Amino acid sequence: MKDFTEELIQTLDSRQQELADLSREIWEYAELSEEEHRSSRRLAAYLKENGFAVEEGVCGLPTAFCAKWGSGNPVISFLGEYDALPGLSQKALPEQAPVRAGAPGHACGHNLLGSGMAGSAAAVRGLLERYRLPGTVQYFGCPAEEIMLGKIVMAKQGAFDSSDVCLTWHPMASNTVSDYSYSAMTSMKFTFLGKTAHAAAAPEQGRSALDAVELMNVGANYLREHIIPQARVHYVITDGGGKPNVVPGRAQSWYYVRAPYKEQVEEITKRLIDVSNGAALMTGTTVMHEVLSGCSNTILNGPLNRLLYESMTRVPVPDWTQEELEFAKKLQDTFPDQVRRNALLEFSVMELEGQILHSGVTPLKAAPAFLAGSTDVSDVSAAVPTGQVFTCCMPVGTPGHTWQVAACAGMSIGQKGMLYAAKVIADTAMRLFCMPELLAEIKADFKQTGGRNGGSE
């Protein structure tokens, strides 16, 4: 087959400034999950400008969209995200300085993620058209990843099922194929209903829903000792009542339950529901629970990950300037040594200790690593063969969801990592379009590991 790598690199290098501008624009919007109206419209407009037909509001999600070009098989899909995080507004500076105090910020780098995937899809479309190659390019604008919603809803409604392969990336602190299994997760709210009363004059007449919430939380904390070490149970109280002199008649808590496998999450969730029933019994209240969302654990695809690794080593990694290294070092110094070490341990990349910005590619792992965090990309991986890479967009050892990530996402460090990711994903996609035997191997592996869809035939 023709080697398209150099042509793709040149194409994306020529788009470097427009992609940097696009990512910066979305960084400035910094819209929360389900509120990404300007961000989704801007990305959809960019893809329209590059020849894609766009369907907005897919799967009943106002800020989701699908951009499509071409016809026939194979169908290769690119996944983009663009939601920000609350309270993490940050200027592109190496010291904490919010753009607007308390406002959202792109502390997970999704402004880079969505823009890089749009540039990658556009570059692939251009080559398919130039060389008159068959196939379909799709870009899915996926909202609300931070609240585990977008891709879960889209996967349940079959949005990805026509795809042969889905590809994505994520800003991180290293250049690594995501040979990691993210945890399965369930998000649910528990609402307790009691009876109001004057807290001083007639407390005996009241039945405190807040007491029930607090007792449930105590029970959940005792439950932690008796679940597997890899599991996580965490919560917030979303409604604790109104005034101290009124016995709360309504209170609510919001829980996440995570574990390496979906079956483990289901078992722990049943026990947590028992804890909530016990809290209601102790306080004379009633309880209702509502499952908001839940994601699967990641289903990894060996042949696809090997292909992504080959592309990561074929495409040159970014060169960092002295100014960028100095910027990154200032950010790195804002974290204690142990925090940085923990971030490296989490992703099994201790060999990067002592580096400021990663300038290589970490080898594929002998065995997949399990991560405590979750992503709705996992639900796509349960429907279609799915691959993901991480690229260096922040200093080595930087924890996620921090103002330091938001700072890098708005300047050249993040933008260089984004461009590298766009090239890697585009290179992998072109090889999938041109190598049917490789695509068949990927789909066979998917069926063997329990995927529920084999893509187009």
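Across the domain boundary, 13 residues of domain 1 are in contact with eleven residues of domain 2. The model you are looking at is predicted, and its protein chain is divided into domain 1 (4-182 + 297-449) and domain 2 (184-295). Taken over C-alpha atoms, the centres of domain 1 and domain 2 lie 35 Å apart. Two elements are worth a closer look here: helix H7 and strand S4.

**Helix H7: length and end**
- Helix H7 covers residues 262-283, 22 residues in total.
- At 1.5 Å a residue, H7 should span 32 Å, and its end C-alpha atoms are indeed 32 Å apart, so expectation and model agree.
- Just after H7 comes Gly 284, which has a positive phi, near 70 degrees.

**Helix H7: two faces**
- The buried residues of H7 are Val 265, Ile 268, Thr 269, Leu 272, Ile 273, Val 275, Ser 276, Ala 279, Ala 280 and Thr 283.
- These residues cover an arc of only 160 degrees around the axis, which means that they sit on the same side of H7.
- An α-helix has 3.6 residues a turn, so residues three or four places apart point the same way.
- Turned away from that buried side is a face with the exposed residues Glu 263, Glu 267, Lys 270, Asp 274, Leu 281 and Met 282.

**Helix H7: packing partners**
- Four strands and one helix are listed as packing against the buried residues of H7: strand S8 (184-193), strand S9 (232-239), strand S10 (250-259), strand S11 (286-295) and helix H6 (209-223).

**Strand S4: burial**
- Strand S4 takes in residues 135-141, and seven of its seven residues are buried.
- Cover comes from both faces: Gly 135, Val 137, Tyr 139 and Gly 141 are buried on one side, while Thr 136, Gln 138 and Phe 140 are buried on the other.

**Strand S4: neighbours and connection**
- Strand S2 (residues 65-71) pairs with S4 in the antiparallel sense, over seven bridges.
- Within that topic, a handy residue to click on is Trp 69, whose bridge partner in S4 is Val 137.
- Strand S3 (residues 75-80) runs parallel to S4, and six bridges join the two.
- Gln 138 in S4 has Ser 77 standing opposite.
- S3, helix H4 (residues 110-130) and S4 together make a β-α-β unit, and this unit is right-handed.

Terms used: Residues are numbered from 1 along each chain as its sequence is written. This is a predicted model: local features need pLDDT of at least 70, side-chain atom pairs count only at pLDDT 80 or more; totals for chains, interfaces and linings use all residues. Side-chain values use heavy atoms; hydrogens and water are left out. The expected span of a helix is 1.5 Å times one less than its number of residues. Buried means under 20% relative accessible area, exposed over 50%, partly exposed in between (1.4 Å probe, protein chains only). The arc is that of the directions from the helix axis to the C-beta atoms. Contact means heavy atoms within 4.5 Å. Two strands pair if DSSP finds at least two bridges between them. A crossover is right-handed if, with the strands pointing away from the viewer, the path from the first strand over the helix to the second runs clockwise. Domain bounds come from an automatic or database domain assignment.
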